[in-house]
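Good morning, colleagues. Please take a moment with the sequence and the model, and then we shall go through a pocket and two helices.

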Amino acid sequence: MSSAVNQPHSVRILLVEDNDINQMLALEVLGRQGWECDTALNGVEAITRLKAQPYDLILMDCQMPIMDGFTASREIRLMESRGELEGESIIVAVTANALKGDRQRCLDAGMDDYLAKPFSPPQLREIVAKWLAKANLSDADSQSDAPQDEIPSGSPPICKQEFLNRCMGDVTFAELLLQSFEQDSVARLEQIVSQVQTGDTAAIGETAHSLKGIAGILAAHELQAIAFEIESAGKAGELDQIHTLVDDLRTEVNRCLAYVPILKQQSQTEVAAS
């Protein structure tokens, strides 16, 4: 699909994402490529921004409050067909679901491509560069980082090497993500506990989905798996199952939080020794 703006020297991207840590990572990766990037927290905000100015590419989270990415994409395509929005924007879905059929659902909603979370910096760069190249907005030579190490068995709650690879080896940026995680993980845990008390399984599923995305970015695989189980139980309305998982969730969040200072110290030591 062609872009509304054809200026190779001034690529502008709209990142539609309501998760702070996912936003931080994407903005860091995109910014390092020299691509200008604005943000929106949901589909309604995205459409408002598109009415104000065109974007070369939209990175669209699929699950958001107020208006999700599927609805927003369908609305954007409808507005483009009516001439209410200029041109035809490239829309790349970014989703933590990664379930069978999700890619087709994204395409059916009018999106052009699909990127699963948690993504690595090379994956994000390459999919954006690919579509910018198709729109003749960039030479889009894809860069590739060294392959990520396999996660060893018996690993700590956060896989250090995978996390640092995702942060492009930037220890300062990694510490910013860890600080955000310390706040966000506790807030999400408390939110889930409160939602369990009210029996709101749908809300529990949404909160667990957000926590799953945060855990994925940090390579906290056990926490990610527990959050996924709670998300699935929430979608299925299985409150009893959620009750059995909340203690596991609390334990794993605390394990991750206890490991964060160790991870920071190890990273700082390695930098000092290099």
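Which element gives the most to the lining of the largest pocket? In this predicted model, the answer is H8, with six residues. The lining has 19 residues, and Asp18, Pro65, Glu206, Thr207 and Ser210 lie nearest the centre of the pocket. Two elements give two or more residues to that lining: helix H7, residues 171–198, and helix H8, residues 201–217. By character, the lining divides into nine polar, six charged and four nonpolar residues. The volume of this largest pocket is about 320 Å³.

Let us turn to H7 itself. H7 has 28 residues, and the distance from its first C-alpha to its last is 40 Å, close to the 40 Å expected at 1.5 Å a residue. At the start of H7, a side-chain oxygen of Asp170 comes to within 3.1 Å of the backbone nitrogen of Thr172. Just after the helix, Gly199 has a positive phi of about 75 degrees.

The second helix is H3, residues 69–81. Its 13 residues should span 18 Å at 1.5 Å a residue, and because the end C-alpha atoms are 18 Å apart, the two values agree. Asp68 caps the N-terminal end of H3, with a side-chain oxygen 3.2 Å from the backbone nitrogen of Phe70. After H3 comes Gly83, with a positive phi near 80 degrees.

Against what do the buried residues of H3 pack? Those residues, including Phe70, Ile76 and Met79, pack against helices H2 and H4 and strands E3 and E4.

Methods: Residues numbered from 1 in each chain as written. Predicted model: local features only at pLDDT ≥ 70, side-chain atom pairs only at ≥ 80, totals over all residues. Heavy atoms only, no water. 1 Å grid on protein atoms, 1.4 Å probe; cavity = no way out; pocket = protein on both sides within 12 Å on 5 of 7 lines; lining within 4 Å. Points joined across faces, edges and corners; volume = space filled by probe spheres on them. Helix = DSSP H or I, 4+ residues; strand = E, 2+ residues; numbered from the N terminus. Nonpolar A, V, L, I, M, F, W, Y, C, P; charged D, E, K, R; others polar. Expected span 1.5 Å × (residues − 1). Polar contact = N/O pair within 3.5 Å; in protein donor to acceptor, adjacent residues only side chain to side chain. Buried < 20%, exposed > 50% of the residue type's maximum accessible area, 1.4 Å probe, protein only. Contact = heavy atoms within 4.5 Å.
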